[in-house]
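This report describes two places in a protein model, a short helix and a single residue in another helix. Please keep the structure in view while reading.

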Amino acid sequence: MKAVVITSPGGPEVLQVQEVENPRIADGEVLIKVAATALNRADTLQRQGKHPPPAGASPYPGLECSGTVEAVGKGVSRWKIGDQVCALLSGGGYAEKVAVPAGQVLPIPEGISLVDAASFPEVACTVWSTVYMMCNLASGETFLVHGGSSGIGTFAIQLAKHRGVRVFVTAGGEEKLAVCKDLGADVCINYKTEDFVARVKEETGGKGVDVILDSIGASYFQRNLESLNMDGRLFLLGFQTGAVTQVNLASIFAKRIKVQGAGLRSRTPENKATIVSEVEKNVWPAIAAGKVKPVIFKSFPFSDAAEAHRLMESSHHIGKILLIP
Ligand SMILES: NC(=O)c1ccc[n+]([C@@H]2O[C@H](COP(=O)([O-])OP(=O)(O)OC[C@H]3O[C@@H](n4cnc5c(N)ncnc54)[C@H](OP(=O)(O)O)[C@@H]3O)[C@@H](O)[C@H]2O)c1
């Protein structure tokens, strides 16, 4: 089969389409003929040699895909050859075929095309597991997502809005904020021209928001603490500005703040299967009802994977970028 291979750690140019061996399926796994995969920031880090695949994972990048089941391993009862599916992967989406534990496979949400479905597994599992399973964001609460125009952000806005939450976002430009507003964001903050702490305080009568989803890291940590309400929850998804900072702990104490972080990729297959099953129960109906739509900026063929990575690293995109074999 063909796969997009990281020929050596480096810039986008190290991504090259090569002929490689087909993956073998183990018991309990499904082999998917890939229709599309989607980019995630982690792919660019993996390409640079900063985010190695977990033990046992495919060496090729790609944390999600959609496609058609081509074979099923022993012990798989839910899926059969010919089923159209999408899946959360530990790697290997940038290939014509990928093997994945059956518990990480989902049906195509009703009303969504096979290709567009590739945009959902990673953002849906990340946002559901962090914001809802761990931070328990509830209807009537307030929620701030940094990077509102990102793949994660565009999904998180729609789901939170659908679940009766008041949504705040930051993004680096008016065009991006306009898209966030269209997706349902109530308070749109241009972090390049405005202090988000002051705006959050102003919009919440001085209280702050209940939950923050952050991938900015060091440079926002103190300001995130200042922006939280009593019993606020801060979830750390990533560290785009670094992981080391100085912090005044007083507000954690005074406001009973909970700080948590987690990565999805390194979870066990059992853990991922639990999340995937919760996503199917709680998120798939919202997609089928048209309340959460795919936000796809651009699709590239595998042969232009380097161009797709350049686009993501430029941050000019809004929502997801797809790669098609
Ligand atoms: N922990 C996990 O399991 C997990 C899973 C998935 C994703 N993530 C992390 O979540 C983040 C988003 O992922 P993605 O795939 O959706 O990537 P993406 O689409 O490339 O999004 C990155 C976003 O960060 C925004 N950004 C950069 N600096 C900012 C700042 N100072 N303030 C506010 N926003 C800022 C960029 O927007 P502007 O252009 O507006 O600056 C861009 O929209 C990444 O850091 C990724 O590693 C973590």
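In this predicted model, the elements that cover the buried residues of α5 include β8 (142-146), β9 (166-171), β10 (187-190), β11 (209-214) and α6 (218-227). Helix α5 itself spans residues 196-203, and its buried residues are Phe 196, Val 197, Arg 199 and Val 200. These residues lie on the same side of α5, because they cover an arc of only 165 degrees around the axis.

Both ends of α5 deserve attention. At the N-terminal end, Asp 195 acts as a cap, with a side-chain oxygen placed 3.1 Å from the backbone nitrogen of Val 197. Just after the helix, Gly 205 adopts a positive phi of about 60 degrees.

The second place is Asn 282, which belongs to helix α8 (residues 269-282). Is Asn 282 buried or exposed? Its relative accessibility is 29%, so Asn 282 counts as partly exposed, since that class lies between the limits of 20% and 50%. When residues up to four places away in sequence are not counted, Asn 282 touches Trp 128 and Arg 163. Asn 282 and Ala 124 are 158 residues apart in sequence, while their C-alpha atoms are 10.0 Å apart in space.

The table lists two polar contacts made by side chains.

| Side chain | Backbone partner | Distance |
|---|---|---|
| Asp 195, oxygen | Val 197, nitrogen | 3.1 Å |
| Asn 282 | Glu 278, oxygen | 2.8 Å |

Definitions and conventions:
Residues numbered from 1 in each chain as written. Predicted model: local features only at pLDDT ≥ 70, side-chain atom pairs only at ≥ 80, totals over all residues. Heavy atoms only, no water. Buried < 20%, exposed > 50% of the residue type's maximum accessible area, 1.4 Å probe, protein only. Helix = DSSP H or I, 4+ residues; strand = E, 2+ residues; numbered from the N terminus. Arc of directions from axis to C-beta. Contact = heavy atoms within 4.5 Å. Polar contact = N/O pair within 3.5 Å; in protein donor to acceptor, adjacent residues only side chain to side chain.
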